[in-house]
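Here's a quick briefing to read alongside the structure. Have the model open and follow along as we go.

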Amino acid sequence: MSEFDLIRQHFTRTTRYTELGIGDDAALIRVGANMELAISADMLVAGTHFFADADPYQLGWKSLAVNLSDMAAMGAQPRWATLAIALPAANPAWLTEFSRGFFACADRFVVDLIGGDTTRGPLTISVQIMGEVPNGLAIKRSGAQLGDQIWLSGPLGYAALALAHLQAKIKLDADTFAQCASALHAPQPRVALGLALRGIATSAIDISDGLLADLGHVLSASNLGAKLHLNQLPQASHWPMASSLKPAEQLKLLLAGGDDYELCFSAPAAAHGRISQLGSTLGLPLLCVGEMVAERGLAVHGLAGEMLDIKEAGFDHFK
């Protein structure tokens, strides 16, 4: 199978928002009037972001979903994606399942694949995502205001528990692991929530590297500090299964485990009721977990209100 046969067979489809898609030197896309183009990219590398023997369907889904999560955090409507993939070999069975998972996610969120590249090499998947947001309505990391409440779109820790099980740090029963593994391998980007938060949220970020690390980016961009209250954090319902871990290790998985792909966002206290109603409408367990403060830094308060000493903030590729 040649490189171009591979692309035609597995990745060429009719597009929805595209003047010219795969097959030329560049794609041509239509951008609506009075709209800004939001663009982001993520890379997944075998051995770093996923196990080399990962299920290709799940990998196809996740490779697009993690990029869609970035669009959600910006309040952008995802429209187009490009895919660059390095493959150790052109395995038709693997490619069929990978592309099936990728396009299942693309169809679920109505996204066109409009181009990319393929080459031989260690398994590496790079997706660029593009979306539209009306002028002035993008939700930026730098917009948080003093006194804003801090919200999460859902519980944390399922993906971290699944990874800990796979690394033999804890032992989960089969049903529990299946639920946790679904969060790890098939995250659900909160696109509908991101769109609904336009004009409500003052800042937002998706949690990929861990709550403490990612919220820290918002604080840095907004020149603020924050207080988090552990007794308000929505935790994975199976958290007791991690009881074999020391409390500090459990806390690390919860606050710095990453791969949650929930949204963390800030909004004025006056919007509390509106956001709660929004959670009911979307079927999401939105929960207020803290507030923005003037004093720089991120303070985490324990179950009894005590200040916790957190040593590790989250995942860093070069540490």
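A salt bridge here is a side-chain nitrogen of Lys or Arg within 4 Å of a carboxyl oxygen of Asp or Glu. Arg 100 and Glu 97 fit that bill, with their closest N and O atoms 2.9 Å apart. Keep in mind that this is a predicted model.

**The big picture**

- The protein has nine helices and 12 strands.
- Of its 319 residues, 49% count as buried.
- Take the contacts with a separation of 6 or more: residues 24 or more positions apart account for 85% of them.
- About 14800 Å² of the protein is exposed, and carbon and sulfur atoms supply 53% of that.

**Salt bridges**

- Searching the whole structure turns up four salt bridges, including the Arg 100–Glu 97 pair from above.
- Arg 100 and Glu 97 are both in helix H3 (residues 92–108), three residues apart, or about one turn of the helix.
- Both partners are partly exposed: Arg 100 has a relative accessible area of 47%, and Glu 97 has 27%.
- Lys 62 pairs with Asp 259 in another salt bridge, where the closest N and O atoms are 3.1 Å apart.
- That pair ties together distant parts of the chain, since Lys 62 sits in helix H2 (residues 56–74) and Asp 259 in the loop between H8 and strand S10 (263–267), 197 residues apart.
- Lys 62 counts as buried because its relative accessibility is 9%, and Asp 259 is buried too, at 19%; the cut-off for buried is under 20%.
- Glu 132 and Arg 79 meet through their side chains in a salt bridge as well (3.0 Å, N to O).
- This one also links distant parts of the chain: Glu 132 is in strand S6 (residues 124–134) and Arg 79 in strand S4 (residues 77–87), 53 residues apart.
- Glu 132 is buried, with a relative accessible area of 7%.

**Helix H4 and its neighbors**

- The axes of H4 (residues 158–166) and H5 (residues 174–185) come within 7 Å and cross at roughly 110°, which means H4 is roughly perpendicular to H5.
- Residues of H4 that meet H5 include Tyr 158, Leu 161 and Leu 166, and on the H5 side Phe 177, Cys 180 and Leu 184 are among the partners.
- The residues of this H4–H5 contact break down into 11 nonpolar, three polar and no charged.
- Seven of the nine residues of H4 are buried, so H4 is largely enclosed by the rest of the structure.
- Those buried residues, among them Ala 160, Ala 164 and His 165, pack against H5 and helix H8 (247–256).
- After H4 comes Ala 168, with a positive phi near 65°.

How values were computed. Residues numbered from 1 in each chain as written. Predicted model: local features only at pLDDT ≥ 70, side-chain atom pairs only at ≥ 80, totals over all residues. Heavy atoms only, no water. Axes fitted to C-alpha atoms, helices over the stretch in contact; angles between N-to-C directions. Helix = DSSP H or I, 4+ residues; strand = E, 2+ residues; numbered from the N terminus. Parallel < 35°, antiparallel > 145°, perpendicular 65-115°, else oblique. Contact = heavy atoms within 4.5 Å. Nonpolar A, V, L, I, M, F, W, Y, C, P; charged D, E, K, R; others polar. Buried < 20%, exposed > 50% of the residue type's maximum accessible area, 1.4 Å probe, protein only. Areas by Shrake-Rupley, 256 points an atom, 1.4 Å probe, with all protein chains shown as cover.
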